[in-house]
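Reader: I am in my first year and would like to look closely at one small part of this protein before I try to read the rest. Could you take me through it slowly, and then show me what else is worth finding in the chain?

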Amino acid sequence: MPVESGSSAARQAKQKRKSHSLSIRRTNSTEQERSGLQRDMLEGQDSKLPLSLRSNLLDLFSQIEREFENLYIENLELRREIETLNDRLTAEGQTFEGADLAKGALKTKASHSTSQLSQKLKTTYKASTSKIVSSFKATTSRAVCQLVREYVGHRDGIWDLSVTRTQPVVLGTASADHTAMLWSIETGKCLLKYMGHQGSVNSIKFHPTEQMALTASGDQTAHIWRYMVQLPTPQPVADISTPCDDDVDFSDKDEADGEVEGPNDCPSIRVATTTLRSHQGVVIAADWLVGGKQVVTASWDRAANLYDVETSELVHSLTGHDQELTHCCTHPTQRLVVTSSRDTTFRLWDFRDPSIHSVNVFQGHTDTVTSAVFTVGDNVVSGSDDRTVKVWDLKNMRSPIATIRTDSAVNRISVSVTQKIIALPHDNRQVRLFDMSGVRLARLPRSNRQGHRRMVCCSAWCEDNTSCNLFTCGFDRQAIGWNINIPALLQEK
């Protein structure tokens with residue numbers, strides 16, 4: 001019996017080899033017949049290629065086809081094996097949803113490797129990104145930022161605003177509608193309208209001790225004009241307080257483009273006391289030097305000019321920037337001027353020594369420097385279209401002492417005098433508050449009911465006012481007065 005079974009097994013193996021060799025011969029013969037038929041077809045076709053080249057191409061295509069056939073056969077065999085394994089698992093009571101073992105195994109392996117990679121990335125970069133992430137963390141403080149008053153009346157976007165430094169304390173706005181307006185902070189009523197410019201009014205600043213305003217315009221001039229206003233009786237303020245956490249913006253609906261009705265009973269001034277002419281381009285900003293006897297202007301002609309107020313004569317022309325200037329600011333207590341430009345730099349001009357006018361160049365931004373302002377101490381804070389704000393020490397200009405990274409371009413910033421809180425107006429309609437070390441304190445509320453609906457152009461602090469201590473303006477044609485509870489804000493720091 002063992003001999004018969006062995007002979008039968010040998011006979012079966014011999015027959016299997018024979019059939020396999022026959023199948024190989026059939027396959028080869030089939031391929032030869034197919035290639036011969038295809039060659040005959042190619043010979044009958046009209047082609048400019050030589051027959052030998054066409055034959056070689058045909059052989060290559062045949063090899064590719066055989067490779068795909070082999071892959072297809074292997075795929076079928078794998079599928080049969082998977083089905084067999086699934087049948088066994090089902091019989092044993094272990095089923096997988098979808099009955100796709102291979103896909104499930106691959107998913108498990110991929111998710112495991114992905115989780116490992118994610119954990120590795122988190123561990124590796126957690127320390128290096130902690131400083132950047134801290135700038136975007138939401139604060140837990142509540143009811144420390146309140147919208148108090150809206151100042152509506154301009155017919156175009158508002159570029160700049162400022163608060164008077166003398167009594168009576170009023171708010172001034174400079175608009176692209178060729179006018180500047182003075183407002184009652186408590187009532188929101190327009191007190192005076194200046195209409196002396198022939199172009200967009202880009203800047204407004206008030207004299208440190210007298211009732212005089214300095215405005216810069218797109219008509220290539222800067223005007224100095226006197227004003228007299230009488231404050232109206234204050235009215236009770238409605239409680240429209242909103243917490244300054246990161247509120248959800250329920251609507252991105254912009255203000256209607258229709259004309260906004262301006263105040264009809266507002267008195268106006270049409271003639272300037274002094275007109276400063278020397279620039280060959282748009283005058284984008286202007287400011288008073290300490291003492292109020294000189295003013296500085298910044299223009300798109302790449303120069304800043306220093307004028308004598310009494311004689312309106314040009315004292316110095318400050319040149320050196322490679323592109324248009326965007327802003328200028330003076331130190332509150334010293335004869336220092338800082339000018340910013342589209343050339344990604346800002347420059348510090350020193351007029352403390354009458355015989356020497358030194359200049360220092362600050363290079364730290366990668367895009368237009370939109371503004372650079374002094375603090376009471378020895379710091380300069382610069383904002384840029386590169387979405388950063390940098391704090392500099394005047395004694396060390398090589399690198400900033402703090403860098404604030406944001407998610408939108410920064411426009412004309414302001415720093416509070418006592419607490420040194422930086423207010424950042426953004427292109428994306430947000431206003432954020434930071435301290436001098438770069439820690440984010442709050443974001444002013446903005447929703448479909450309140451806040452700015454378009455780009456915020458400028459911010460200005462007025463800490464002496466009890467009702468509104470921060471003002472912002474933008475291209476939604478309105479200025480807004482905010483009440484910032486600074487002690488509560490710093491307590492949550």
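Which residue in β22 does T388 stand opposite?

Author: Please keep in mind from the start that this is a predicted model. In it, T388 stands opposite R405 in β22, and this facing pair belongs to the antiparallel pairing of strand β21 (residues 388-393) with β22, which runs over 4 bridges. If you now turn to the two faces of β22, which spans residues 402-405, you will find that A402 and I404 make up a covered face, whereas T403 and R405 make up an uncovered one. The residue opposite T388, namely R405, therefore belongs to the uncovered face of its strand.

The loop between β21 and β22 holds K395, and its side chain meets that of D378 in a salt bridge, with 3.7 Å from N to O. This pair links distant parts of the chain, since D378 lies in the loop between β19 (369-374) and β20 (379-384), 17 residues apart from K395. The two partners are not covered alike: K395 is exposed, with a relative accessible area of 70%, while D378, at 31%, counts as partly exposed.

Side chains of opposite charge can pair when their charged atoms come close. The count of salt bridges in the model comes to 7. One of them joins the side chains of E210 and R226 at 3.2 Å from N to O; because E210 sits in the loop between β6 (201-206) and β7 (212-217) and R226 in strand β8 (residues 221-226), the pair ties together parts that are 16 residues apart in sequence. Both partners are partly exposed, E210 at 33% relative accessibility and R226 at 44%. Elsewhere, D160, K205 and R412 are linked in a network of salt bridges.

A further salt bridge, between D350 and R352, brings the closest N and O atoms to 2.8 Å. Here D350 counts as buried at 14% relative accessibility, whereas R352 is partly exposed at 47%. To see another strand pairing, follow strand β17 (residues 345-353), which pairs in the antiparallel sense with strand β18 (residues 356-363) over 7 bridges. These two strands form a hairpin with 2 residues between them, and within it the bridge partner of L348 is N360 in β18. In the loop between β16 (336-341) and β17 you meet T344, whose phi is near 70°, a positive value in a residue other than glycine.

Another sheet can be traced in the order β23-β24-β25-β26, an open arrangement of 4 strands with antiparallel pairing. Its edge strands are β23 (414-415) and β26 (440-443), each of which pairs on one side only. Strand β25 (residues 431-434) pairs with β26 over 3 bridges, and L433 stands opposite A442 in β26.

Loops also deserve a patient look, and the one between β2 (158-163) and β3 (171-175) holds T164, which counts as buried at 5% relative accessibility. The side chain of T164 reaches the backbone oxygen of P168 at 3.3 Å, and a polar atom of that T164 side chain lies 2.9 Å from the backbone nitrogen of V170. P168 is itself found in the loop between β2 and β3, and the peptide bond that leads from Q167 to P168 is cis, with omega near -5°.

In strand β1 (residues 145-152) there is R149, which is buried, with a relative accessible area of 14%. A polar atom of the R149 side chain lies 2.6 Å from the backbone oxygen of E186, and the C-alpha atom of R149 is separated by 8.0 Å from that of C468, although the two residues are 319 residues apart along the chain.

Finally, compare these strands with helix α2 (residues 51-91), where F61 is found. F61 is exposed, with a relative accessible area of 54%, and it is one of the residues of a nonpolar surface patch that also includes L57, L60 and I64 and has about 790 Å² of accessible area together. An unreviewed UniProt entry places the feature "coiled-coil region" at residues 61-88; over that stretch the model is 100% helix and 0% strand, with the end C-alpha atoms 41 Å apart.

How values were computed:
Residues are numbered from 1 along each chain as its sequence is written. This is a predicted model: local features need pLDDT of at least 70, side-chain atom pairs count only at pLDDT 80 or more; totals for chains, interfaces and linings use all residues. Side-chain values use heavy atoms; hydrogens and water are left out. Patches are made of residues with over 30% relative accessible area and no salt bridge: like charges are joined within 9 Å, nonpolar side chains (Val, Leu, Ile, Met, Phe, Trp, Tyr) within 5 Å. Accessible areas come from the Shrake-Rupley method with a 1.4 Å probe; for residues, only the protein chains shown count as cover. A salt bridge is a side-chain nitrogen of Lys or Arg within 4 Å of a carboxyl oxygen of Asp or Glu. Buried means under 20% relative accessible area, exposed over 50%, partly exposed in between (1.4 Å probe, protein chains only). A polar contact is a pair of N or O atoms within 3.5 Å; within protein, one must be able to donate a hydrogen and the other to accept it, and residues adjacent in sequence count only if both atoms are side-chain atoms. Two strands pair if DSSP finds at least two bridges between them. UniProt positions are given in the numbering used here, feature names are shortened, and annotations may be inferred rather than shown by experiment.
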